[in-house]
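User: I'd like a close look at how one pair of helices packs in this protein. Could you take me through that spot and then through what surrounds it?

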Amino acid sequence: MQVTETLSEGLKREYSVSIPVAELASKVDARIAELKDKIKLNGFRPGKVPVSHIKKMYGRSAMAEVIEASVRDANQKIVTDNNFKLAADPKVTLPTEEADVEKLISGSADLNYTVGIEIVPEIKLGDFKTIKLEKPVAEVAEAEIDEALGRIAKQNTPFADKGEGAKAASGDRVTIDFVGTIDGVAFQGGTGQDIAVDIGSGTFIPGFEEQLIGIAAGENRTVKATFPAAYANAELAGKAAEFAVTAKKIEAPGTVTVDDEFAKQLGLESLAKLRDAVKEQIGRDYQRMSRQKVKRALLDALDKMHKFDLPPTLAEEEFNRVWASVTEELKAENKTFEDENTTEEKAREEYRGIADRRVRLGLVLAEIGDKNKITVGDEELSRAVAERARQFAGQEQRVWDYYRQNPEALASLRAPIYEEKVVDFLLELADVTEKKVSKEELMKEDEEAA
């Protein structure tokens with residue numbers, strides 16, 4: 001095999017590869033020899049089929065297999081010999097002229113092809129011990145626990161039938177059937193039966209709930225309301241609709257006393273235990289937000305610390321993913337770039353910068369993990385699959401099978417675990433100091449994140 005470098009430009013390499021026909025023929029003969037003991041043909045005993053006959057029948061397909069394997073092996077040798085890290089799959093250009101292909105498959109010509117390679121640049125890692133970070137932390141105040149308990153109490157408010165002839169008021173629960181139409185035509189998702197509506201909750205589209213005030217059980221009423229311009233279903237966004245509503249039951253809210261008995265209804269021993277559980281949950285939320293902020297600050301530091309050329313293909317692929325997400329979101333919200341006070345050109349420039357940052361940080365984190373032997377174990381991956389399976393009650397086995405049979409899907413679970421382990425490693429090295437902040441400060445997103 002002869003390999004000649006024909007291009008070395010930035011992170012791009014190109015090679016011309018020539019594999020002699022004699023080498024291909026030798027591999028074909030070896031493949032035919034393997035087939036000799038496996039092939040069963042009428043008129044021949046097992047293993048006694050003449051090689052010439054096998055070649056006549058399977059020689060072309062064997063050559064195709066050999067060419068594929070030879071290209072794969074040659075490309076791997078180029079990568080290994082040059083100690084390359086690939087940024088993308090090699091781009092192979094094989095002969096396309098019919099006459100050349102026929103000579104190759106028939107075993108009468110050398111295999112000549114070109115391969116383009118895009119490599120990951122050498123990344124010189126910075127001194128992570130020089131990174132100084134502030135980690136915002138907030139304490140859970142008693143007032144926040146009281147607020148959370150109030151929300152839990154509201155969610156568990158009992159409702160009682162108001163009785164015959166009673167009319168709905170704000171705060172009441174009305175059970176309805178309804179059929180929605182737009183310009184007199186029923187639309188998908190616009191019909192419901194035995195739907196409970198809490199007047200004043202803001203659950204339904206604006207104006208709907210308020211028009212149920214004064215309705216009685218058994219009463220029919222036409223409710224007119226307009227879907228918001230940013231409604232999730234773009235086909236309904238901004239459109240005026242009419243709903244033929246039938247009230248079936250009117251219920252008034254009762255009162256909830258947050259005491260030991262209420263706690264027991266929720267499966268806890270006492271109000272004190274309930275308060276502890278609520279405090280613990282809020283604390284976990286605060287820890288998650290603290291982690292997000294210190295991680296963002298760490299990534300900012302890494303981005304400033306490492307500057308290098310990006311593999312063009314990786315950068316372009318990431319930008320395409322980001323841009324597709326942005327345009328799909330605008331379409332779903334029925335918005336334009338002008339609605340966001342920008343232009344498509346400016347937006348492209350901004351999101352290309354975001355994509356470049358993601359690629360750069362991804363390469364840096366991968367390099368750090370590789371240099372420091374950070375890996376994701378089978379047990380960690382199994383826990384991630386189990387957590388994913390729990391989200392699909394009754395379909396756990398299907399979820400397990402899906403991830404077991406799909407390496408790419410499994411990799412999508414491994415990637416965030418790997419990233420968090422690298423971040424943990426870096427936070428141990430960095431100079432991190434805690435800064436006590438208020439709940440509002442902790443929850444406030446900076447402009448870049450927003």
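Analyst: Happy to! Let's begin with helices H8 and H11, which are roughly perpendicular to each other, because their crossing angle falls in the range from 65 to 115 degrees. This is a predicted model, so please read everything below as computed from it. The axes of H8 and H11 (residues 407-429) cross at roughly 75 degrees and come within 10 Å. Two packed helices are described by just these two things, the angle between their axes and the distance between the axes.

Now for the residues that meet. H8 brings Leu-365, Ala-366, Ile-368, Gly-369 and Asp-370, and H11 brings Tyr-418, Glu-419, Val-422, Phe-425 and Leu-426. By type, this contact of H8 with H11 divides into seven nonpolar residues, one polar and two charged.

The next step is the nonpolar core. The largest one has 26 residues, and Leu-426 is among those with the most contacts inside it, along with Ile-131, Leu-133, Leu-298 and Leu-302. Helix H6 (271-305), H8 and H11 are the elements that give two or more residues to this core. H8 provides the largest share, six residues. A second core, of 23 residues, lies apart from this one and includes Leu-11, Ile-19, Ile-67 and Leu-104.

Ile-131 is a good residue to click on here. Leaving aside neighbours within four places in sequence, Ile-131 is in contact with Leu-298, Ala-301, Leu-302, Met-305, Ala-430 and Asp-431.

H8 (344-371) also has a part in the packing of helix H7: the buried residues of H7 pack against H8 and against strand S4 (111-118). Those buried residues are Thr-313, Ala-315, Glu-318, Phe-319, Val-322, Trp-323, Val-326 and Leu-330. Thr-313 has a relative accessible area of 18%, so it counts as buried, the cut-off being under 20%. Beyond its neighbours within four places in sequence, Thr-313 is in contact with Ala-88 and Glu-118. As for its length, H7 (residues 312-332) has 21 residues, which should span 30 Å at 1.5 Å a residue, and its end C-alpha atoms are indeed 30 Å apart. Just after H7, Asn-334 takes a positive phi of about 55 degrees.

H11 has a further partner too. What covers the buried residues of helix H9 includes H11 and helix H10 (396-405). In H9, the buried residues are Leu-381, Ala-384, Val-385, Ala-386 and Ala-389. H9 (residues 378-390) has 13 residues and reaches 18 Å from its first C-alpha to its last, close to the 18 Å expected at 1.5 Å a residue.

Since Asn-334 came up, here is a short detour on backbone angles. Most residues other than glycine have a negative phi. Asp-183 has a positive phi, near 55 degrees, and lies in the loop between strand S7 (173-182) and strand S8. At 77% relative accessibility, Asp-183 counts as exposed. Asp-194 also has a positive phi, of about 55 degrees, but its place is in strand S8.

One last stop is Pro-206, in the loop between S8 (185-198) and strand S9 (220-226). Pro-206 is exposed, with a relative accessible area of 55%. Leaving aside neighbours within four places in sequence, Pro-206 is in contact with Ala-225, Thr-226 and Pro-228.

Technical notes
Residues are numbered from 1 along each chain as its sequence is written. This is a predicted model: local features need pLDDT of at least 70, side-chain atom pairs count only at pLDDT 80 or more; totals for chains, interfaces and linings use all residues. Side-chain values use heavy atoms; hydrogens and water are left out. Helices (H or I, at least four residues) and strands (E, at least two) are DSSP runs, numbered from the N terminus. The expected span of a helix is 1.5 Å times one less than its number of residues. Buried means under 20% relative accessible area, exposed over 50%, partly exposed in between (1.4 Å probe, protein chains only). Contact means heavy atoms within 4.5 Å. Axes are lines fitted to C-alpha atoms, for helices over the stretch in contact, and angles run from 0 to 180 degrees between N-to-C directions. Angles under 35 degrees count as roughly parallel, over 145 as roughly antiparallel, 65 to 115 as roughly perpendicular and the rest as oblique. Ala, Val, Leu, Ile, Met, Phe, Trp, Tyr, Cys and Pro count as nonpolar, Asp, Glu, Lys and Arg as charged, and the others, Gly among them, as polar. A nonpolar core is a set of buried Ala, Val, Leu, Ile, Met, Phe, Trp, Tyr and Cys residues joined through side-chain atoms within 4.5 Å.
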